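The following exercises concern charged side-chain pairs and their accessibility. Each task is followed by a worked solution.

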Amino acid sequence: MKMLNIVSAKVWGGGEQYVYDVCYEMTKRNIENYVLIDQRNSFLQDRFSRVSNILTADLYSFHGIKAVSTILNIIDTYGIDVINCHSGKMMPLCLLLKHLRNIKILLFKHNAVPVKNDIYHRYLRNQTDAIVCVSDLVYQLQVDGLSDADKQKYHIVHNGILLERFEKYKEKENLRDEFVIGYAGRITENKGIGVLLQAIKSLHDVHSNIVFNFVGAIEGSYIDTIKQEIKTNAMEGYVSYNGLEKDMEKFYKSIDVLVLPSLVREAFGLVICEAMYCGAIVVTSNSGAQSEIIDDGKDGFIIEQITPENICKRLDSLYQSFDSLESLRKNARLKVENKFSISRTVDGIINICNMI
């Protein structure tokens, strides 16, 4: 079986990390896999070359349609059996390739959005060989209202992390000089960062050794709002934004608690799994698939209603009892090892390919 992943993104994000980790695991298993990247994107070409065979074409013009002849030559030359499509925008290209070469198409659903049932999307669904949903939530949203026959194409394969990426450093020693709270993710209003900042201020008013560090990609001008709030409330001494963090293991092992107070529906939560594996206690909202990862009180904490008061209350409780939560941290790491590794993800993908 030879797989071709089509990556049409222009920048690195969670979806690209997912493909990277899947390719790493497949290469380790001696499964021949390829990544097709736009011919102008040298950054992605270089990064993916560490884990897969790189092929290029013009993917940015008309969503790759102009490059059909080039991609067909790639399929013939390398004997591609399956195309993994990670973006709905690339599906017309993938289905054209399927029509011309009769290859299998796997569509990966990475977003928590309801199924679309218009003529165009029904056609895409009918022509696709299998649809991979990264969580139970995504699956339920996609199959809602579909016939039993249509549901047969949908499969749940939970996201997973590459455990080896998080084993360079020893776990943080809890010296309790500072109680470090962290956030990792997109810097945008719907992620609940503003609410979290209010909670951090209230907590710091009670415990002066509270520190808050946050990292992630900036979306729009919201970071300016956050910086102004930090300045207005004189939080510069204990709150810092550190941009895009290249070494996420180092970040996770520098914090005591990771808070993800998302206000929007999350399709999964790779950051949650990464932090749990690295020993940080996770506190998150119940806005999406987070409850598929965390059992509240056993390996992390879920806040049903995100308010500054509720976050502050939970963080204060963790501050008071942190030294007694070692078993919870061990439970969290063990759960990720057993349920949310990239190895299990690749097992699921291979099983689907063998079925279609």
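**Exercise 1.** Determine whether R29 is buried, partly exposed or exposed, and identify its salt-bridge link with E25.

Solution. Step 1: R29 has a relative accessible area of 28% and is therefore partly exposed (buried is under 20%, exposed over 50%, partly exposed in between, with a 1.4 Å probe and protein chains only). Step 2: the side chains of R29 and E25 form a salt bridge, with N to O at 2.9 Å; the term requires a side-chain nitrogen of Lys or Arg within 4 Å of a carboxyl oxygen of Asp or Glu. Step 3: E25, at 5% relative accessibility, is buried.

The model is predicted: local features need pLDDT of at least 70, side-chain atom pairs count only at pLDDT 80 or more, and totals for chains, interfaces and linings use all residues. Residues are numbered from 1 along each chain as its sequence is written, and side-chain values use heavy atoms, leaving out hydrogens and water.

**Exercise 2.** Describe the pairing of D38 and R40.

Solution. Step 1: the closest N and O atoms of this salt bridge are 2.9 Å apart. Step 2: D38 is buried, at 0% relative accessibility.

**Exercise 3.** Locate E326 and R329, and state which residues share a salt-bridge network with E25.

Solution. Step 1: in the salt bridge between E326 and R329, the closest N and O atoms are 2.4 Å apart. Step 2: both residues lie in helix α14 (residues 326-339), 3 residues apart, about one turn of the helix; helices are DSSP runs of H or I, at least four residues, numbered from the N terminus. Step 3: E326 is partly exposed at 35%, whereas R329 is buried at 14%. Step 4: salt bridges with shared partners join E25, K28, R29, E164 and D347 into one network.

Methods. Helices (H or I, at least four residues) and strands (E, at least two) are DSSP runs, numbered from the N terminus.
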